[in-house]
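Reader: I am new to this structure and would be grateful for a close look at a single part of it. Please choose one strand, describe its surroundings with care, and then place it in its wider setting.

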Amino acid sequence: MTTFDLNFAADHFTLFGLPHVQALDQESLDNAFRAVQSQVHPDKHAHAAESDRRLAMQWATRINEAYQTLKSPGRRARYLLQLLGHDPQIESNTAMPAEFLVNQMELREAVAEARSAADEDALDTVRVRLLGEIRTEYERLTGLIDTDRDLVAASNLVRQLMFQEKLLNEIDDALEAVTA
Amino acid sequence: MALLQIAEPGESAAPHEHRLAVGIDLGTTNTLVATVRSGMSVVLNDLKGRPLLPSVVSYAADGTVAVGYGAEAKQSVDPKNTIVSVKRFMGRGRRDIAHIETLPYDFLDAEGMVKLKTAAGIKSPVEISAEILKTVRNRAEASLGGELTGAVITVPAYFDDAQRQATKDAARLAGINVLRLLNEPTAAAIAYGLDNSAEGIYAVFDLGGGTFDISILRLSKGVFEVMATGGDSALGGDDFDHRVFCWIIEQAQLAPLSLQDARLLQMRAREAKEQLSQHGQAPITVKLGSGEYVDLVLTTEVFTEITRTLVQKAITPTKKALRDAGLTVADVRGVVMVGGSTRMPQIQHAVADLFKQEPLNNLDPEKVVALGAATQANLLAGNRAAGDDWLLLDVIPLSLGLETMGGLVEKVIPRNSTIPIARAQEFTTFKDGQTAMAIQVVQGERELVSDCRSLARFELRGIPPMVAGAARIRVTFQVDADGLLSVTAREQTTGHEARIEVKPSYGLSDDEIAAMLKDSFSHAGDDAFRRALREAQVEAQRLIEATQSALQDSADLLSTLERAHIDASITKLQTVMIGDDRRAIDQAMQALSAATNEFAARRMNQSVQRALSGRNVDQISL
């Protein structure tokens, strides 16, 4: 009983036997996820007793949650910061550097223009640019968390990235509206 | 060293028993049933050697029901009582059904799902689908020579919760144990992937008679991971037929049609469409009941022109699915074509243009879903051979959310989340002293509740009176491996737990299902009772076998006392299951389940630890 509870309640990194770092090796994560999911997935227990099937669903749900959190760099960073005892204050702290905000406003205007002009190519261009920026920032975030251990700076960057990812979603929505 | 298993005299060794399992592709136009025979997935034909069962059900006034070809023959004679494409009505209300005004049926707009008034009484789409399922179940049992252990039934990936629940209810009504609801494109991916040892990113483009799905999958080392799915649960070959139908009326300048003439023209329209997949043009000559003549030629050019917007309706979600998966067309290694409607040349061209490669057509687009489903059914029933193993990771196609203030939707589970998944969201009260809260669960991508599909509405009562904003109501969504949702809610500040389980409102209640089952046995008094008893006995036997198999594998996890308790519970169940007291069987089953809960938890824990330490469970000898 005790070992079971410990594992089920373990943090996501421990659950997969992985180190608590932002620079997570994607392949190790994928392999650990598949190894565990191959054991617990409801399809492996489809013919088992009701209690086994319920348990399988709970475990598979738990494993999926852990995997999805660790797979996304943004969710992984937020989760890791919290584990490290630093709340990134996603809801309460909305302060951003002026330079960043100006840049975001430009991008937003470009998106709005392209959307009203139904310009798919222009939206794609903004999307590619934003994707590039996001990728670079994630590399910086990894350094801030793993190497510098500057959790305050990391939290600020996490909030900026959420802002950028929200814009990315808006571009996707615009693309959908334009191509529909 | 491997241990040899020796069964007691007169007792079969359960693990070696081959369980009869099938895959059923319950299609809009045709239904197929397949099974795995000597390691090969095969479609089961009817007595005349025909693989397809037209998904058509015809009701006569004397209560007789015709299904398949027999029913199809009646569609132009008795269109009102002959239901085609019933899949389009599953889990749908009146306003959801396209071109409803051109359909010959008498619809009743029941809550959540339409019903149809037929010569044999009022029928729900669930009952009509159950007739089709019963027919293929009988075909399978006759062909395989025994009772089915269970079936995998396929559904369009883009089916929402209402449509999935309706399908599962239909299976239950047909007396089929559903091992899993499997998404059609995922079933096709299994068939294709296992046949070709495919690795990498694949798209499955599935255009059937009434539904369109696009799924993007990653195939790697025996894992089929759906990365994104999209589609349109009301787009299919039927819509192409309808365009041709409208074109004929316009060209021939026909007066308003009788039901029979309308159905006749719809059939001719479909034939012309099918002919165009082979030839450049198709003649359409019909003599109508009204005395009017139709004499037209439909060319590929005209057909392409009048269906251009339909093709675009398939391409748009395809692009969206790629974006959702975070991929571009360059990442896609192959596009597997599924569904009879992908035979249309303009679809082939549009897909080739978008993906910049020729689509894969080397599997029979009409059979591939059933074949993949059969393979999965075989695996789930426990018939797999050593090393013959794979894992499916599917996703939920549409976001799930809750209504918040002002009719807005708060998304709780985003689309394309891997299932099973659970998410909780906390809410609070709006007024001082508020003791109840109405919770509305919706599915869809739009921001307004009115634009999404309402799945359930329920009230959480008994919240202790507090100032506004002090209560903490935690609403948990759980989506299981079939893609079906259950919701629980509880207030948790005061330790007072108001907890509620909901079944989405469109679904049939257990009582309704029971009533329908009883109806279908109304000719034979105690059949319903005997059937329920038989089901309980089968279920009890299954539980005993599963428990014994677990005891054989992991006896070391139990103390002598625990083992004795489980053994006693098994003996008790074995004793009562011979009798005809269904209550006693249910109670003994519950007792055995309770006795094994802790054991199950330990075994699961052990298998997780083994998986992580890199050891294969099969290699550990006990």
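Author: The model is predicted, and chain B contains 14 helices and 27 strands. Of the 622 residues in chain B, 44% are buried. Among the contacts in chain B with a separation of 6 or more, 68% are between residues 24 or more positions apart.

The part chosen here is strand β2 of chain B, which covers residues 30–37. Is this strand largely enclosed or exposed? A residue counts as buried if 20 or more other C-beta atoms lie within 10 Å of its own. Seven of the eight residues of β2(B) are buried, so the strand is largely enclosed by the rest of the structure.

The pairing partners of β2(B) may now be taken in turn. Strand β1 of chain B, residues 21–26, pairs with β2(B) in the antiparallel sense, and five bridges link the two. Three residues separate β1(B) from β2(B), and the two strands form a hairpin. Within this pairing, T31(B) of β2(B) has L26(B) standing opposite.

On the other side of the chain's path comes strand β3 of chain B, residues 40–43, which is also antiparallel to β2(B), with four bridges between them. Here T35(B) has V42(B) of β3(B) as its bridge partner. These strands, too, form a hairpin, with two residues between them. One residue of this hairpin, S38(B), takes a positive phi near 40 degrees.

A further partner is strand β4 of chain B, residues 53–54, which runs antiparallel to β2(B) and is joined to it by two bridges. The residue of β4(B) that bridges to T31(B) is L53(B). T31(B) therefore appears in two of the pairings described: it stands opposite L26(B), and its bridge partner in β4(B) is L53(B).For the wider setting, one may turn to the side of chain B that touches chain A. There, 34 residues of chain B are in contact with 35 residues of chain A. The elements of chain B that each supply at least two residues to this side are β12 (178–183), α8 (308–324), β19 (391–393), β22 (421–427), α12 (527–554) and α14 (582–612). The largest share comes from α14(B), with 13 residues. By character, the residues of chain B on this side comprise 18 nonpolar, nine polar and seven charged.

Note on methods:
Residues are numbered from 1 along each chain as its sequence is written. Chains are lettered from A and ligands numbered from 1 in the order in which they are written. This is a predicted model: local features need pLDDT of at least 70, side-chain atom pairs count only at pLDDT 80 or more; totals for chains, interfaces and linings use all residues. A residue is buried if 20 or more other C-beta atoms lie within 10 Å of its own, exposed if 12 or fewer, and partly exposed in between; C-beta atoms are placed from the backbone. Two residues are in contact if their C-beta atoms, placed from the backbone, lie within 7 Å. Two strands pair if DSSP finds at least two bridges between them. Ala, Val, Leu, Ile, Met, Phe, Trp, Tyr, Cys and Pro count as nonpolar, Asp, Glu, Lys and Arg as charged, and the others, Gly among them, as polar.
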